[in-house]
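Work through the exercises below with the sequence and the structure at hand. Each task is followed by a solution in steps.

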Amino acid sequence: MFANHDNSGTATTTSYRVVLPFYFYAAIAFLVATVLLFLSTGDLQGHYFHPHTLAITHTMALGWGTMIILGASHQLVPVLIEGPLYSNRLAYLSFLLAAAGIPLLVYGFYVFDVGWPTQTGALLLIGAIICFLINLGTSMVQSKKENIHALSVFTASLWLLATAVVGLLLLCNFSQPLLPAGSLSYLSLHAHMGIVGWFLLLVTGVGSRLIPMFLISKYTHTKTLWWIFMLINTGLLAFVFLFLYTNSRWLFVWPLLAIAAAIVLFGHFCFRAYQERIRKKVDEPMQLSLLSVLLLLLPILLLILIVVWLMLSPAVNSQLVIAYGFIVFFGWITAIVLGMTFKTLPFIVWNKVYHDLAGKGKTPNPKDLFTQAVFNWMGLSYVAGFVVFTTGLFLQQAGILQTGSVLLLITAVLYNWNVMKLLIHKATIV
Amino acid sequence: MNVITNNTLKSTVALAALQDVVDPEIGLNVVDLGLIYQLDFDEHAGKLYCSMTLTTQFCPMGDSITSAVKERLKLAFPGYEITCELTFDPPWSHAMISPEGKEFLNEK
């Protein structure tokens with residue numbers, strides 16, 4: 001009795017103080033991005049290389065998607081590696097550097113000053129990514145329990161670093177030629193290292209852990225996850241190689257097929273997890289997250305169209321490229337962030353507020369800390385806004401684009417409403 | 001899953017008290033979820049030892065769940081010294097959910 005008990009698994013988690021600033025920042029960035037979108041709908045009917053389009057894209061990619069992923073990752077890394085986060089200080093530093101760098105970068109793009117604002121912004125961002133990589137890498141080494149999920153996050157972060165370094169090179173290339181061709185020629189390389197290497201690899205790596213966990217699913221298939229990991233990385237490496245060393249456009253079909261296969265496998269994995277779930281009811285945030293998995297198919301279809309177009313015509317179809325970018329950032333990434341925010345943030349806030357009160361009285365459920373009706377309206381305005389704006393992009397109708405941007409702005413306001421409500425929540429106990 | 005105990009009667013009281021501790025994400029209590037592995041009582045020394053697990057190691061809600069278990073056991077056994085330890089050997093699996101728990105999850 002009272003002897004020989006294994007107590008190896010302590011439950012130390014990352015402090016909420018580290019994580020919450022990322023969520024707050026991302027919510028504001030989403031609002032800023034939708035305001036900029038509303039003010040710039042006319043610019044989206046021209047060429048994709050436009051200062052306002054670049055500003056919106058980087059607000060969405062960095063301020064919105066990346067900041068919330070970094071925040072959530074600091075919370076989830078202990079779950080993925082089954083060990084504590086190495087350093088809270090590095091996490092704070094990562095936040096401060098990114099929080100300072102992103103507005104500089106966005107401002108620089110908006111006014112198209114590719115000098116000190118954008119270059120300083122990019123350098124700060126690189127610093128933030130390096131801090132995150134050191135923190136993640138050291139946590140993984142100390143935990144000694146590496147797995148496909150943690151490896152995906154680490155590899156995705158390396159791709160993010162590579163994307164940011166290429167981005168800085170492209171910025172410097174504007175003022176003094178460092179690269180064999182103009183910066184515009186390398187945009188596709190920069191964008192796909194970020195979209196596929198960072199976002200896709202990270203979402204598949206973390207999603208394959210979280211989706212079965214939240215669905216309480218029995219399904220697990222590590223071999224499929226390794227295939228997804230290999231297909232994404234080899235596909236992207238092949239793309240980088242072909243981009244830099246060949247002129248043959250039809251060869252791009254191979255990396256595209258590899259990445260498309262990875263997406264199909266990930267979709268299949270999520271479907272099996274959904275089929276084998278123990279909890280039958282799927283809540284609204286999970287529904288939105290599962291919608292994002294379906295939305296992954298749209299950019300792939302558009303990318304196939306773009307590659308086919310490139311093979312048949314010497315010029316890039318600017319509208320297809322803008323639609324592709326919009327669907328990636330306002331479609332797939334936004335849907336997963338909208339859903340996962342309300343699967344993670346309420347628990348972080350609940351832990352912060354009710355940790356010391358647990359078991360001492362009746363506490364509200366984490367899902368009761370935000371307003372469900374506001375969430376439902378947010379979901380509706382988001383789906384409507386996304387569909388209307390995408391239609392506007394294909395039809396090139398200013399009125400439809402304006403309507404879509406207003407709906408997305410409403411989405412951002414409602415999202416912020418619930419996030420701020422969560423962040424200022426005070427304890428209520430019966 | 002059957003809970004290991006050296007005192008079936010007292011363990012029944014403890015498990016009844018722990019029905020009030022609910023995993024906030026799943027909405028199911030820790031007993032039906034199969035998180036409680038062992039409840040040992042030392043009546044002479046006034047000690048209660050609880051061994052439990054979490055659905056995921058380093059679960060962000062883990063601290064709150066174990067605190068709540070401790071608080072509920074304190075209420076059920078006043079004056080007892082409560083020791084609550086986490087173990088992940090064996091790790092939690094879906095098979096540990098009680099039939100009542102599975103029924104609850106099917107309906108929810």
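The exercises concern a predicted model and go from overall confidence to single residues.

**Exercise 1. Confidence**

Task: State what ipTM and pTM the predictor gives the complex, and what the mean pLDDT of chain B is.

Solution: Begin with the complex, for which the predictor gives an ipTM of 0.78 and a pTM of 0.89. Then turn to chain B, where the mean pLDDT is 90. In that chain, 97% of the residues reach 70 or more. As a caution, predicted coordinates should not be read in detail where pLDDT is low.

**Exercise 2. The outline of chain B**

Task: Determine which pattern of helices and strands chain B follows, and how its radius of gyration stands against that of a compact globule.

Solution: Start with the inventory: chain B has four helices and four strands. Along the sequence, they follow the pattern β-α-α-β-β-α-β-α. Next take the dimensions. A box of roughly 40 × 25 × 25 Å along the principal axes is filled by the C-alpha atoms of chain B. For 108 residues, a compact globule would have a radius of gyration near 13 Å, and chain B, with 13 Å, agrees with this. Finally, look at the inside. Of the 108 residues, 42% count as buried. Among contacts in chain B between residues at least 6 apart in sequence, 64% join residues at least 24 apart.

**Exercise 3. The sheet of chain B**

Task: Work out in what order the four strands of chain B form their sheet, and which are the edge strands.

Solution: Take the strand pairs in turn.

1. S1(B), residues 4-5, and S2(B) are parallel and pair over two bridges. Ile4(B) has Gln38(B) in S2(B) as its bridge partner.
2. S2(B) and S3(B) run antiparallel and are joined by six bridges. One of the partners is Met52(B) in S3(B), bridged to Ile36(B). These two strands form a hairpin with four residues between them. In the turn, Gly46(B) has a positive phi of about 65°.
3. The full order is S1-S2-S3-S4, in an open sheet with mixed pairing. The edge strands are S1 and S4 of chain B, each of which pairs on one side only.

One further step concerns the surroundings of S2(B). Five of its seven residues are buried, so S2(B) is largely enclosed by the rest of the structure.

**Exercise 4. A residue of helix H2**

Task: Decide whether Leu33(B) is buried or exposed, and list what it touches.

Solution: First locate Leu33(B), which is in helix H2 (residues 30-33) of chain B. Then count neighbours: 27 other C-beta atoms lie within 10 Å. The cut-off for a buried residue is 20 or more, so Leu33(B) is buried. Leaving out residues up to four places away in sequence, Leu33(B) touches Asp23(B), Ile26(B), Leu28(B), Ile97(B) and Gly101(B). As for separation, Leu33(B) and His94(B) are 61 residues apart in sequence, while their C-alpha atoms are 8.4 Å apart in space.

**Exercise 5. Where the chains meet**

Task: Find how many residues of chain B are in contact with chain A, and which element gives the largest share.

Solution: The count is 36 residues of chain B in contact with 32 residues of chain A. On the chain B side, the elements that give two or more residues are S2 (36-42), S3 (47-52), H3 (62-76), S4 (81-86) and H4 (99-107). H3(B) gives the largest share, 10 residues. By type, the chain B side divides into 14 nonpolar, 11 polar and 11 charged residues.

**Exercise 6. The nonpolar core**

Task: Identify which residues have the most contacts inside the largest nonpolar core, and which helix gives the largest share of this core.

Solution: The largest nonpolar core has 170 residues, and those with the most contacts inside it are Ala26(A), Met67(A), Leu125(A) and Ile232(A). Its largest share, 24 residues, comes from helix H11 (residues 318-354) of chain A. Two residues serve as examples. Ala26(A) touches Gly63(A), Trp64(A), Met67(A), Ile68(A) and Gly71(A), with residues up to four places away in sequence not counted. Phe330(A) lies in helix H11 of chain A and counts as buried, with 27 C-beta neighbours inside 10 Å. On the same basis of counting, Phe330(A) touches Met60(A), Phe386(A) and Leu408(A).

How values were computed:
Residues are numbered from 1 along each chain as its sequence is written. Chains are lettered from A and ligands numbered from 1 in the order in which they are written. This is a predicted model: local features need pLDDT of at least 70, side-chain atom pairs count only at pLDDT 80 or more; totals for chains, interfaces and linings use all residues. A nonpolar core is a set of buried Ala, Val, Leu, Ile, Met, Phe, Trp, Tyr and Cys residues joined through C-beta atoms within 7 Å. A residue is buried if 20 or more other C-beta atoms lie within 10 Å of its own, exposed if 12 or fewer, and partly exposed in between; C-beta atoms are placed from the backbone. Two residues are in contact if their C-beta atoms, placed from the backbone, lie within 7 Å. Ala, Val, Leu, Ile, Met, Phe, Trp, Tyr, Cys and Pro count as nonpolar, Asp, Glu, Lys and Arg as charged, and the others, Gly among them, as polar. pLDDT is the predictor's confidence in each residue, from 0 to 100. Two strands pair if DSSP finds at least two bridges between them. The radius of gyration is taken over C-alpha atoms; the globule rule is 2.2 Å times the number of residues to the power 0.38.
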